[in-house]
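Trainee: I would like to learn how to read the surface and the side-chain contacts of a model such as this one. Could we take the features in turn, with the general idea before the particular case?

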Amino acid sequence: MMLPMLLFWGLILWGGIVLVRTLSQRKQDVRPLTTAGTALAILKERYAKGEISRDEYEAMKKDIE
């Protein structure tokens, strides 16, 4: 009789821990995105890949900011 009760409460506790971990991970994954921040990140990536020159990068960066 005691073993099923311990299993029941153990499952309840385990479920609560899993729920808290899942919710806390979702909050960490959610980041506010701004248009300027996103555009600047894309611009930096394009410059790093060599798709645009330094002059183009500086001109576009000035337009974004």
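Mentor: Let us begin with the surface, keeping in mind that this is a predicted model. A nonpolar patch is a group of neighbouring nonpolar side chains that are accessible, and here M5, F8, W9 and I12 make one of about 460 Å².

Trainee: Where does F8 lie, and is F8 buried or exposed, or something in between?

Mentor: The place of F8 is in helix 1, which covers residues 2-29. Its relative accessible area is 45%, and because the class between buried and exposed runs from 20% to 50%, F8 is described as partly exposed.

Trainee: How much of the chain is buried, and what supplies the area that the chain exposes?

Mentor: Of the 65 residues in the chain, 6% are buried. The chain exposes about 6,200 Å², and carbon and sulfur atoms supply 65% of that area.

Trainee: Which secondary-structure elements does the chain contain?

Mentor: The chain has 3 helices and 0 strands, so that its pattern, when read along the sequence, is α-α-α.

Trainee: Turning to charged side chains, how many salt bridges does the structure hold, and what should I look at in each of them?

Mentor: The structure holds 2 salt bridges, and for each one it helps to consider the distance, the positions of the partners and their accessibility. In one of them the side chains of K49 and E45 meet at 3.2 Å, taken from N to O, and both residues lie in helix 2 (residues 35-49), 4 residues apart, which is about one turn of the helix. K49 counts as exposed because its relative accessibility is 57%, whereas E45, at 44%, counts as partly exposed.

Trainee: Which residue forms a salt bridge with R46, and how accessible is R46?

Mentor: The partner of R46 is E51, with the closest N and O atoms 3.2 Å apart. R46 has a relative accessible area of 31% and is therefore partly exposed, and E51 also falls in the partly exposed class, at 47% relative accessibility.

Trainee: What is the average pLDDT of the chain, and in which helix is confidence lowest?

Mentor: As a general caution, where pLDDT is low, the predicted coordinates should not be read in detail. In this case the chain averages a pLDDT of 86, and 83% of the residues score at least 70. Confidence is lowest in helix 2, with a mean of 85, and highest in helix 3 (residues 54-64), at 93.

Key
Residues are numbered from 1 along each chain as its sequence is written. This is a predicted model: local features need pLDDT of at least 70, side-chain atom pairs count only at pLDDT 80 or more; totals for chains, interfaces and linings use all residues. Side-chain values use heavy atoms; hydrogens and water are left out. A salt bridge is a side-chain nitrogen of Lys or Arg within 4 Å of a carboxyl oxygen of Asp or Glu. Helices (H or I, at least four residues) and strands (E, at least two) are DSSP runs, numbered from the N terminus. Buried means under 20% relative accessible area, exposed over 50%, partly exposed in between (1.4 Å probe, protein chains only). Patches are made of residues with over 30% relative accessible area and no salt bridge: like charges are joined within 9 Å, nonpolar side chains (Val, Leu, Ile, Met, Phe, Trp, Tyr) within 5 Å. Accessible areas come from the Shrake-Rupley method with a 1.4 Å probe; for residues, only the protein chains shown count as cover. pLDDT is the predictor's confidence in each residue, from 0 to 100.
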